[in-house]
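Dear colleague,

I am handing over the structure below for your files. Please look it over first; a formal account of what was found in it follows.

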Amino acid sequence: MKTKHVLTLTLILINLGCDQFSKELVRHKVENHAYIPLVKDNLILTNVENTGAALGFGANFSPWIKIILLNFLPLLVLLVLIYRIFKKSNLDKWVLVAFAFLIGGGLGNLIDRFLYGSVTDFFHMRIGFLKTGIFNMADVSVTIGAICLLIAMLNTKKESKLNPQ
């Protein structure tokens, strides 16, 4: 196995481990729907079980639609990303980091869905006009992964303009 694969897998496991550890801690130490200000009223700790996706999207879908959209489809995407990591030898470092964060976060939420039927969310931010939904560390990983992917795409676009063929 190549060094870049080992590093990517390590990054996936770190993301997954942080997510699962934090959720387990919240499940056992924080009451459901608690309101615990961590940084004034800007960062709130709570404990909410989300049966849908981001911001509860799909929570009221039929069980079969949920299985397809929230379990099967994300699993398929994660498998494609893992395949790309091992089969594409020329992936940019930003793409590898992006895939590692996306896979780690995606697996974290999938594990919750398979084991508990819902995803444990516990952070809520309120900073001025910015107010987030309630989220978890897997969501943070996926967001960071998406930002890294955007950076990789912008770098590729910039390089192609600098080096036209």
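The crossing of helix 2 and helix 3 is left-handed, a term used when the near helix is turned anticlockwise from the far one by less than a right angle, whereas clockwise is right-handed. Helices (H or I, at least four residues) and strands (E, at least two) are DSSP runs, numbered from the N terminus.

Please note that this is a predicted model, in which local features need pLDDT of at least 70 and side-chain atom pairs count only at pLDDT 80 or more, while totals for chains, interfaces and linings use all residues. Residues are numbered from 1 along each chain as its sequence is written, and side-chain values use heavy atoms, with hydrogens and water left out.

Helix 2 covers residues 63-87 and helix 3 residues 93-116; their axes come within 10 Å and cross at roughly 150°. Axes here are lines fitted to C-alpha atoms, for helices over the stretch in contact, and angles run from 0 to 180 degrees between N-to-C directions. Helix 2 and helix 3 are therefore roughly antiparallel to each other (angles over 145 degrees). Where they are in contact (heavy atoms within 4.5 Å), the residues of helix 2 include Leu-70, Pro-74 and Leu-78, and those of helix 3 include Leu-96, Phe-99 and Leu-102. The residues of this contact divide into 14 nonpolar, two polar and two charged; Ala, Val, Leu, Ile, Met, Phe, Trp, Tyr, Cys and Pro count as nonpolar, Asp, Glu, Lys and Arg as charged, and the others, Gly among them, as polar.

Helix 3 also packs against helix 1 (residues 3-29), at an angle of about 40° and with the axes 8 Å apart. That crossing is right-handed. Its contact residues divide into eleven nonpolar, six polar and six charged.

The largest nonpolar core has 13 residues, of which Leu-81, Ile-85, Leu-91, Val-95, Phe-99 and Ile-103 touch the most other members. Such a core is a set of buried Ala, Val, Leu, Ile, Met, Phe, Trp, Tyr and Cys residues joined through side-chain atoms within 4.5 Å, and buried means under 20% relative accessible area (1.4 Å probe, protein chains only). Helix 3 gives the most to this core, with seven residues. Leaving aside neighbours within four places in sequence, Ile-103 is in contact with Ile-12, Leu-78, Leu-81, Ile-82 and Ile-85.

As for the whole protein chain, there are four helices and four strands, running α-β-β-α-α-β-β-α from the N terminus on. Of its 165 residues, 35% count as buried.

With kind regards

Note on methods: Parallel < 35°, antiparallel > 145°, perpendicular 65-115°, else oblique. Buried < 20%, exposed > 50% of the residue type's maximum accessible area, 1.4 Å probe, protein only.
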